[in-house]
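Student: Could we go through this model together, asking of each term what entitles us to use it?

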Amino acid sequence: NLVGVISNGTAVLGLGDIGPEASKPVMEGKGVLFKKFAGIDVFDIEINEKDPKKIIQIIKSLEPTFGGINLEDIKAPECFEIETELKKEMNIPVMHDDQHGTAIISGAALLNALEIVDQKENIVLCDIVGILRSDRTDLDEIRREFATDRDLHTLSDALKDADVFLGLSAGNIVNQDQLRLMAPNPIVFALANPDPEISYDLAIATHGYRQIGPP
């Protein structure tokens, strides 16, 4: 009944690489959530290391202590390598909360929203560089799976006639004019933290928008 909540502090709560010391209060908070909602005991472990291979070895060596590992606030793309390798090499469950938790919650909300507005197409993926295009040479295996051949290059290109904006990126990168490029009754999930891609008030104030759930 013991889980390790482990971070190197490279992607903390939308604040970026603030270091393992600064990540400690967040990891302690995650331990409280495990205990309160699931009755699971937690050790929070902050690792002063950025090399994914070294992190893998450090965490792997801790296996006898724990019944499971919850990776937390480790930046991409290293987080994918770390999780994938640990799953292969360890005999206990390993998850990365920033991937799995966010995917489960936002995915469920998105499915509900799509059902309400009856839209299920025209979704384009972006990263910090721009559109995930098949002619980009900097995409890893995971992002390349979602690359497009369409003639789209910028976020504004992607938003034109789009049914959905689901942001997990950086604060204040979307404006009202860009939202107005989207298809009628669009779904907007601005999930960056601590500051969303566009503020709730601005998004709601954009012509044609309506709230379909709590802010």
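Tutor: Let us begin with burial: a residue is buried under 20% relative accessible area, exposed over 50%, and partly exposed in between, with a 1.4 Å probe and protein chains only. This is a predicted model, in which local features need pLDDT of at least 70 and side-chain atom pairs count only at pLDDT 80 or more, while totals for chains, interfaces and linings use all residues. Residues are numbered from 1 along each chain as its sequence is written, and side-chain values use heavy atoms, without hydrogens and water.

Student: Which way do the residues of strand β3 point, and are they buried or exposed?

Tutor: From β3 (residues 68–71), G68 and N70 point one way and I69 and L71 the other, and all are buried, so each falls under 20% relative accessible area.

Student: What makes β3 and β4 a pair?

Tutor: Pairing requires that DSSP find at least two bridges between two strands; 3 bridges join β3 to β4 (residues 94–96), and the two run parallel, so the criterion is met. One bridge partner of N70, in β4, is M95. Between these strands the chain passes through helix α3 (residues 78–89), in a right-handed β-α-β crossover, a term which means that, with the strands pointing away from the viewer, the path from the first strand over the helix to the second runs clockwise.

Student: What is the size of the largest nonpolar core, and which elements supply it?

Tutor: This core has 15 residues, and I69, L71 and L86 are among those with the most contacts inside it; α2 (52–61), β3 and α3 each supply at least two of its residues.

Technical notes
Helices (H or I, at least four residues) and strands (E, at least two) are DSSP runs, numbered from the N terminus. A nonpolar core is a set of buried Ala, Val, Leu, Ile, Met, Phe, Trp, Tyr and Cys residues joined through side-chain atoms within 4.5 Å.
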